[in-house]
Amino acid sequence: MAKQNVAEQFVDILKRAGVERLYGVVGDSLNPVVDAIRRTRGIDWVQVRHEETAAFAAGAEAQVTGRLAACAGSCGPGNLHLINGLYDAHRSMAPVLALASHIPSAEIGLGFFQETHPDRLFRDCSHYSELMSSPKQMPRLLHTAIQNAVGRSGVSVVTLPGDIAAAPAPEHPAQNALVTARPAVRPGETELDELVALVDAAQKVTLFCGSGTAGAHAEVMAFAERVKSPIGHALRGKEHIQYDNPYDVGMSGLLGYGAAYEATHECDLLILLGTDFPYNAFLPTNVKIVQVDIRPEHLGRRCTLDLAVWGDVRETLRAITPRVREKPNRRFLDKMLEKHCDALEGVVKAYTRKVEKHTPIHPEYVASVLDELADDDAVFTVDTGMCNVWAARYLTPNGRRRVIGSFSHGSMANALPQAIGAQFTDRNRQVVSMSGDGGFSMLMGDFLTLVQYELPVKVVLFDNSSLGMVELEMMVAGLPSYGTTNHNPDFAALATAAGAFGVRVEKPKQLAGALKAAFRHKGPALVDVVTDPNALSMPPRISADMVTGFALSAGKTVLDGGVGRMVQMARSNLRNVPRP
């Protein structure tokens, strides 16, 4: 057997760790690795048009499969383009190995062409970021990077100079066993005893769930039944906890709806389950709070805790549910369920009724029809901004669907590249990119990746010709919108020119037919839906400051001659504004 070089050994180890593909853009410093992939069965190179797409795609693949995924960038600007997608993957706790190829090792530190310092650049968005300066560091350095990515649920970066990649690898490398899954973590008995005592002493318990409840749906339902607790959720918890949930009271936060806010504030014990919910303004300050999380650094950093429990949600609930006393009184639970029902009947459903003739089309109506027509096991990738709102309020989870977005990092342009990664995991599974026109146009070049690989991703474009969430933020701050308008092309025509299926929708009665046609099409498709730019996201609880901001913005807009805009906005929204 011929002696391997470092690149060949690198690729073999990735394959053994379960990596099936690397997303990236080729470059000379990457040539040894790309060539090794070309000659290795069972692992592929996916050519994207921008390295940011590569990182987003790898992060999405890792979130869909729960396994290690990988991306790569060539030296200097090439791997620097990875950084935004890697930040997103890291903050989403997605296990991703990034290969940052580097300039010749003898030139490092001498201001060589395209020189950067990737091992330093990526430290803030990774658990592990190291430079391979000698072939003798293989395979241990790569093993360590993989263990960090998988074991700590995040990003690892290996910086590899091109000449080191082409150098002979150490002979007879140790075949270390690789960790490919995380363990279950059960809290200590002391913490479990304290948690049981707090639950038994409370009259009104509310659960607030995040992505850490993944795989713990049955345990959360059993515990809620025993203590008669309403269940609210953060955005990242929606797909894991809202379905088959008779205790659901909606979502809290700026994108929220329903009675989750009331349930978290009117209880006397709030239990945060697997959530690092960042908006402490929506958390109560006058109730007892317990937090259960697998990552100890999350405990207590958003609010003051009465008890911090380090462990995973499923193991914690399995341990305490048989031990807590069953609560016979459902009054608090039933009150919150009634409030939740009233809220849904009012705000959330208002935009999807009697809108068949409303133009421009309400984006809420688009999300509602999409939810009805999409497959029961569809993967939705959601752009940051207003698409987040419509997905949060109108997509129906069922335990089989997935909803992926840049929910912690909050990057624009994430939906299309994440759809690429999700679709590569299963070409027969429906993948829908809910894209905003602002986000889509930022990485629009990678729509060509869909065409090149014949990926059947369906892009549903919410085309309001504006940066809608930024406009809302300006209004809350009391400012008239400025710099938020997009002059857009006919995106459907662009899709058709690229060799995909494209259709433009300007009237509500065209929507269902267009979506059905796109879903029937066997290749990539884009549905360009012209939506109402005046449709705003109203949070479930509006503060006096927000009302003041809206009033100031309205006044300034009117003074600037924009009366018509304010009338249009009022017609679109004010009949459903919740009162402070």
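Which residue of S13 does Gln-291 stand opposite? To get there, let's walk through the model, which is a predicted one.

Start with the whole chain. The protein chain has 24 helices and 19 strands, and buried residues make up 58% of its 580 residues. If you take the contacts between residues at least 6 apart in sequence, 74% of them join residues at least 24 apart. The accessible surface comes to about 23,500 Å², and carbon and sulfur atoms account for 52% of that.

Now zoom in on one sheet. Seven strands make an open sheet with mixed pairing, and the order is S10-S9-S8-S7-S11-S12-S13. S10 (257-258) and S13 sit at the edges with a single partner strand each, so one side of each has no neighbour in the sheet. Strands of a sheet pair through backbone hydrogen bonds, either parallel or antiparallel. At the S10 edge, two bridges hook S9 (residues 248-251) to S10, and these strands run antiparallel. Met-251 stands opposite Tyr-257 in that pair.

At the other edge, S12 (residues 288-293) and S13 run parallel and are joined by four bridges. Here's the answer to the opening question: Gln-291 stands opposite Ala-308 in S13. Ala-308 also tells you something about the faces of S13 (residues 307-310). Together with Trp-310 it belongs to the uncovered face, while Leu-307 and Val-309 form the covered one. That fits a general pattern: in a regular strand the side chains alternate between the two faces of the sheet.

What lies across this sheet? Helix H10 lies across S7 (205-209), S8 (231-233) and S11 (269-273), and runs at about 165° to S7. H10 (residues 217-227) also meets another helix, H13 (residues 313-320): their axes come within 9 Å and cross at roughly 35°. The crossing is left-handed. On the H10 side, Glu-219, Val-220 and Phe-223 make the contact, and H13 brings Val-313, Arg-314, Leu-317, Arg-318 and Ile-320. Sort those residues by type and you get five nonpolar, three charged and no polar.

Finally, have a look at helix H5 (residues 83-91). Its buried residues are Gly-85, Leu-86, Asp-88, Ala-89 and His-90. Their cover comes from several elements, including helices H3 (51-65) and H17 (415-425). Strands also help to cover them, among them S3 (69-73), S4 (96-102), S6 (155-161) and S15 (402-405). After H5 comes Met-93, which has a positive phi, near 60°.

Methods. Residues are numbered from 1 along each chain as its sequence is written. This is a predicted model: local features need pLDDT of at least 70, side-chain atom pairs count only at pLDDT 80 or more; totals for chains, interfaces and linings use all residues. Side-chain values use heavy atoms; hydrogens and water are left out. Buried means under 20% relative accessible area, exposed over 50%, partly exposed in between (1.4 Å probe, protein chains only). Contact means heavy atoms within 4.5 Å. Accessible areas come from the Shrake-Rupley method with a 1.4 Å probe; for residues, only the protein chains shown count as cover. Axes are lines fitted to C-alpha atoms, for helices over the stretch in contact, and angles run from 0 to 180 degrees between N-to-C directions. A crossing is left-handed if the near helix is turned anticlockwise from the far one by less than a right angle, and right-handed if clockwise. Ala, Val, Leu, Ile, Met, Phe, Trp, Tyr, Cys and Pro count as nonpolar, Asp, Glu, Lys and Arg as charged, and the others, Gly among them, as polar. Two strands pair if DSSP finds at least two bridges between them.
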